[in-house]
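Trainee: I am new to this structure. Please take me closely through one part, the salt bridges, and show me where their partners sit.

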Amino acid sequence: MMPKKIALSAIAALSLGLLAGCGDVTLYEPGVYKGSGDETASEEAAERRADALRDRAQAAHTDR
Amino acid sequence: MARMKFLCDAERCIECQACVTACKNEHEVPWGVNRRRVIVMNDGRPGEKSISVACMHCTDAPCAAVCPVDCFYTTADGIVLHDKDLCIGCGYCFYACPFGAPQYPQQTAFGVRGKMDKCTFCAGGPEPVHSQEELTKYGTNRVEEGKLPLCAEMCATKALIAGDGNVIADIYRKRVMTRGGRPQTWGWQAAYGDDI
Amino acid sequence: MNKHHDAAVRARRRWRSMVWSMMAIVFLAMALPSAGYLFAQVGEPTGEPQRQFSEQRETNPRSDMWRDGRRGEGGFTTQTGPYVTNQLMTNVGENYRQIRQGPLMTVGGWFLVAVFLAITAFYLLTGQKKIDGGRTGRTIVRWKAYERFLHWFNAICFIILAITGLSLLFGRTVLIPIVGHQAFSSYAEFAYGAHNFVGPAFSVGVLVMIVLWARHNIPKKHDWVWFKEGGGIIGNKHPPAGKMNGGEKVWFWVGVFALGLTVIITGLIALFPNLGFQTREIMSWALIIHATAAILWMGLFLGHAYIGTLGTEGALEGMTRGRVDVAWAKQHHDLWYEDVVAAGEKPVSEEELHGRQQQGPAPGSTPAGERGT
């Protein structure tokens with residue numbers, strides 16, 4: 001009985017490890033993207049470039 | 001907050017394919033992958049119209065909804081980007097997209113497609129800005145330089161316009177008011193919803 | 001007598017008035033709405049031509065074009081590539097998304113959970129079905145080696161495909177919260193590849209199984225009795241069964257045959273986009289049908305796996321060692337047992353079997369006494 005239990009727990013641990021990609025576990029929160037980060041996706045980045053892009057649109061797309 | 005949008009003015013588009021060429025050249029897009037394409041309706045018949053179509057950067061993007069690995073994200077100014085390191089090339093986004101925007105480098109047996117590639121609104125990807133990785137995986141990042149997508153910026157007839165949705169809607173409205181006729185904001189309802 | 005006569009007359013009159021009023025209702029229901037035509041005829045203005053709405057619409061080809069484009073009408077494009085479409089827009093994807101993210105994931109997911117819970121509850125309530133009167137110690141051959149190989153080949157493929165397939169469908173909801181994006185993505189890439197390469201092997205296995213085992217699964221009259229008695233699953237009845245009982249035949253025809261072929265065909269459509277006939281519409285429907293059929297199959301599979309292992313004492317060894325106890329055979333497959341014995345097969349005791357194997361070239365099989373399930 002005992003070896004069976006040990007084998008089962010070993011399999012459970014192994015499959016958990018496999019599922020977790022052998023470590024480096026990221027916990028998920030709904031609505032929060034946790035892939036490799038992109039600092040250009042942030043509010044600040046969008047804010048920072050908004051004016052330049054607006055001017056650019058006015059300059060590039062209006063008829064001269 | 002600006003909300004980035006594409007708009008193609010069908011009354012101005014002359015099917016010159018410059019947007020397609022510009023995109024291919026700017027981002028070194030490989031053969032068979034077409035981030036942008038021009039579609040001609042009623043080709044060769046009276047009333048022929050053409051539209052330049054690429055990823056419309058939807059508000060509620062279907063590609064992001066069906067992705068099994070959740071590799072899509074939307075920037076604060078509404079650009080839909082994806083992470084090629086997460087993509088497994090399953091093709092679901094291609095079937096979900098109304099505009100046929102997602103592309104893959106391969107189409108071979110056993111469902112091998114390679115990493116999905118699509119229009120980034122010239123905003124690169126999750127790699128460090130202007131890094132070699134970003135360049136090879138996603139193409140150049142013009143938005144971070146304060147520039148708009150090259151396809152739109154170099155459109156000779158200014159048919160394809162891109163940028164802050166309010167600004168380009170304003171430009172388009174002035175055009176329609178001047179020339180008359182009905183506005184045709186092609187694809188906007190599907191991409192950005194009814195409340196635009 | 002007179003009274004009776006009166007009653008009969010009254011009944012006849014009532015009947016006649018009923019028929020006439022019914023006919024009047026039917027006639028008026030048809031005639032009154034049609035009276036509108038009469039008014040229209042009378043009130044029609046003369047001289048002025050009537051407006052023809054359909055013709056007016058025909059005079060605006062531009063709006064027709066945009067409407068067609070919105071519906072997915074193709075245009076012309078110079079770009080070439082395997083994923084280039086000539087449609088401006090299509091609704092196919094929206095349907096695909098709604099079905100996949102809606103009923104397929106919610107109903108399908110909870111269906112599997114419900115089946116699993118039902119089986120667990122059933123096991124806790126009734127426990128294992130024991131062999132009546134215990135084992136006799138004498139066994140007969142039930143499945144030959146090649147049949148067992150085929151069964152376990154398909155079983156292992158099925159489990160791999162089920163786990164990888166469910167990972168692709170539910171992984172984002174279930175696994176990403178636990179392991180995060182990067183870990184899940186690397187697992188999903190492996191799962192996607194495994195699913196795509198194990199799938200064709202499994203297809204071949206299922207087709208061979210259908211061909212080889214169809215003859216065991218031809219429905220017979222006694223199967224009807226088996227179903228009427230509920231397969232003897234609850235209680236102590238022993239409905240008649242040949243080599244395969246009624247439940248196994250359902251598993252074969254509904255599961256392996258119908259759902260199996262559905263999954264194989266849709267799977268092959270999804271797996272070989274290079275064949276070139278797959279439009280986005282065909283592809284998304286193939287994926288939806290594939291997942292739906294597979295989930296139903298998994299539900300049946302859970303039942304099959306339970307009955308074959310935990311649910312019935314002495315059933316699993318028929319597929320592992322290939323031999324079953326005589327008592328088990330008499331209890332669960334009485335007609336088959338009679339046939340086998342009539343055909344000249346003799347039940348063999350463990351010692352005898354062991355002795356035979358000792359002489360044989362390949363010893364080393366465990367005696368059945370140690371293999372109590």
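Mentor: What follows goes through three charged pairs one by one, then looks at two of the parts around them.

This is a predicted model, so local features need pLDDT of at least 70 and side-chain atom pairs count only at pLDDT 80 or more, while totals for chains, interfaces and linings use all residues; side-chain values use heavy atoms, without hydrogens and water. Residues are numbered from 1 along each chain as its sequence is written, and chains are lettered from A and ligands numbered from 1 in the order in which they are written.

Start with the rule. Side chains of opposite charge can pair when their charged atoms come close. A salt bridge here is a side-chain nitrogen of Lys or Arg within 4 Å of a carboxyl oxygen of Asp or Glu. By this rule there are 28 salt bridges over all chains.

Take B:Glu144 and A:Arg49. Their side chains meet in a salt bridge, 2.9 Å from N to O. This pair crosses between chains. B:Glu144 sits in the loop between α4 (132–138) and α5 (150–153) of chain B, and A:Arg49 is in helix α2 (residues 43–61) of chain A. Helices (H or I, at least four residues) and strands (E, at least two) are DSSP runs, numbered from the N terminus. Are these partners buried or exposed? Buried means under 20% relative accessible area, exposed over 50%, and partly exposed in between (1.4 Å probe, protein chains only). B:Glu144 has 19% relative accessibility, so it counts as buried. A:Arg49 is buried too, at 5%.

Next comes a pair within chain B. B:Lys49 and B:Glu11 form a salt bridge of 3.7 Å, N to O. B:Lys49 lies in strand β3 (residues 49–54) and B:Glu11 in the loop between β1 and α1 (18–27), so the pair ties together parts 38 residues apart in sequence. B:Lys49 is buried, with 12% relative accessibility. B:Glu11 is partly exposed, at 45%.

The third pair is in chain C. The closest N and O atoms of C:Arg142 and C:Glu248 are 3.9 Å apart, in a salt bridge. The pair links distant parts of the chain, 106 residues apart. C:Arg142 is in the loop between β1 (138–141) and α5 (145–174), and C:Glu248 is in helix α9 (residues 246–271). C:Arg142 counts as buried, at 4% relative accessibility. C:Glu248 is partly exposed, at 23%. Back at the first pair, salt bridges that share partners join A:Arg48, A:Arg49, B:Asp77 and B:Glu144 into one network.

Now the surroundings. Chain A, which supplies A:Arg49, has two helices and zero strands. Of its 64 residues, 20% are buried. Its accessible surface comes to about 4600 Å², with 64% of that belonging to carbon and sulfur atoms. Accessible areas come from the Shrake-Rupley method with a 1.4 Å probe; for residues, only the protein chains shown count as cover.

In chain B, the loop holding B:Glu11 starts from β1. Strand β1 (residues 4–8) has five of its five residues buried, so it is largely enclosed by the rest of the structure. B:Met4, B:Phe6 and B:Cys8 point one way, and B:Lys5 and B:Leu7 the other. Five bridges join β1(B) to the antiparallel strand β6 (residues 160–164); two strands pair if DSSP finds at least two bridges between them. B:Phe6 has B:Ala162 of β6(B) as its bridge partner.
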